[in-house]
Amino acid sequence: MAISTQLKRRTLFAAGLGLLAAPVILRQKAEAAPTGESSKMNAAPLPEINQFKLGSFKVTVVRDGINIAERPNETFGTNQDPETVKALLTANFLPADKFLNGYAPAIIDTGSDVILIDTGFGAAGRARGAGQLAEGLKAAGYSADDVTLVALTHLHGDHIGGLMEDGAAAFKNARYVIGQAEYDFWSNKSREGTPAEGGHKAVLANVTPLVEKATFIKDGDGVAPGMTAMLAAGHSPGHMVFHVESKGKRLLLTGDTANHYILSLLRPDWEVRFDMDKAQAAASRRKVFGMIATDKVAFLGYHMPFPAVGFAEKQDGGYRFMPKTYQFDI
């Protein structure tokens, strides 16, 4: 897949630190946090889970952790006047000077497979309140050994951190599904000696040891019965969206296609600091959420307000996030 050659140094620097995974993600080293971003993790009780039915499938969403960061206008709408970004937040009853970012891996139990979508921060996040996936699995009645398939939307730090535990595979009975373009980019030795080297090393440490059990996929490939992949690049070179369907009920797992329920969805064309190819990321937001809104399909966005599941309706040139309530319960 062709990717933009116009990667800005600042964006690649973030990739090197493993920061591309989200608008603001947990730092392993406080000194790596850009000026003005809070490294303080909320100490809310964890793990928190939410479960619902999708046809014959059971879906469990786990809150891997949260982060509170300052100056949202330095992450979202970076091509807009800061006051415009602040005004949109205020108009939507949100603080203009801070925002909360959450992380939501999901388990899809099909009856024949237990599929994990992304893995959270893992051990590296636990000292600061994240890395709660393992505990969330237990709370939902699963163990790591029950997971039969791990499907990764992309290979940023908050999505791959839980793959390894104490130098061994955290999900020893699982096979893996990984986007070919995504892995090719991050595993390429040409990242060495560049600002992207940190992200490259994270993939070598967390993903490469598992490739013998991995299937590499492209746009339109099947992941498991009832589950297919769709390329939605821009946030990263090979970012994937997963479409899940059971008995006519549909759910899209949109990963980091949109990272804020107001600033990314209501203004999908606004640039996001951690999107590698900003124009492509905006086009992917339009494509994916336009489909979600038109087809009235539910979606799970990794950084949406917990439990991170809802719908999108067309509004004001963008998309309004409508959180799920009891649609899946009756």
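What follows is a walk through one chain, from its overall make-up to its cores, helices, loops and a pocket. The model is predicted.

Start with the whole. The chain has 330 residues, and 55% of them are buried. Its secondary structure comes to seven helices and 18 strands. Contacts reach far along the sequence. Take the contacts with a separation of 6 or more: 71% of them join residues 24 or more positions apart.

Now the interior. The largest nonpolar core holds 44 residues. Within this core, V223, M227, F242, F289 and F299 touch the most other members. A second core is separate and has 29 residues, among them V114, L155, M164 and I178. Return to M227 in the largest core. Beyond its neighbours within four places in sequence, M227 is in contact with I115, I117, A151, G222, F242, H243 and V244.

F242 and I117 lead on to the next stop. Both also appear among the contacts of T153, again leaving aside neighbours within four places in sequence. The other partners of T153 are D118, H159, G238, H239, M240 and G255. T153 sits in the loop between β7 (149-151) and α4 (157-160). Is T153 buried or exposed? T153 counts as buried because its relative accessibility is 1%, and the cut-off for buried is under 20%. One more pairing shows sequence and space side by side. T153 and M230 lie 77 residues apart in sequence, yet their C-alpha atoms are 9.8 Å apart in space.

D118, a contact of T153, has a backbone feature of its own. Its phi is positive, about 65 degrees, although D118 is not a glycine. The residue belongs to the loop between β6 (114-117) and α3 (133-139). D118 counts as buried because its relative accessibility is 1%.

A second aspartate can be set beside it. D166 is likewise a residue other than glycine with a positive phi, near 55 degrees. D166 lies in the loop between β8 (164-165) and β9 (168-169). Its surroundings are another matter. D166 has 79% relative accessibility, so it counts as exposed; the cut-off for exposed is over 50%.

Next, a helix pair. Helix α5 (residues 180-187) packs against helix α6 (residues 197-206) at an angle of about 115 degrees. The two axes are 8 Å apart. On the α5 side, Y183, W186 and S187 make the contact. On the α6 side, G199, H200, V203 and L204 do so. By class, this contact has four nonpolar residues, three polar ones and no charged ones.

The second largest pocket comes next. About 310 Å³ of space lies in it. Its lining has 19 residues, and L100, N101, H260, Y261 and P305 are the closest to its centre. Which element supplies the largest share of the lining? Strand β4 (residues 98-103) does, with six residues. Sorted by class, the lining of this pocket divides into 12 nonpolar, five polar and two charged residues.

One peptide bond closes the tour. The bond from F306 to P307 is cis, with omega near 15 degrees. P307 is placed in the loop between β16 (298-301) and β17 (309-315).

Technical notes: Residues numbered from 1 in each chain as written. Predicted model: local features only at pLDDT ≥ 70, side-chain atom pairs only at ≥ 80, totals over all residues. Heavy atoms only, no water. 1 Å grid on protein atoms, 1.4 Å probe; cavity = no way out; pocket = protein on both sides within 12 Å on 5 of 7 lines; lining within 4 Å. Points joined across faces, edges and corners; volume = space filled by probe spheres on them. Helix = DSSP H or I, 4+ residues; strand = E, 2+ residues; numbered from the N terminus. Nonpolar A, V, L, I, M, F, W, Y, C, P; charged D, E, K, R; others polar. Buried < 20%, exposed > 50% of the residue type's maximum accessible area, 1.4 Å probe, protein only. Axes fitted to C-alpha atoms, helices over the stretch in contact; angles between N-to-C directions. Contact = heavy atoms within 4.5 Å. Core = buried A, V, L, I, M, F, W, Y, C linked by side-chain atoms within 4.5 Å.
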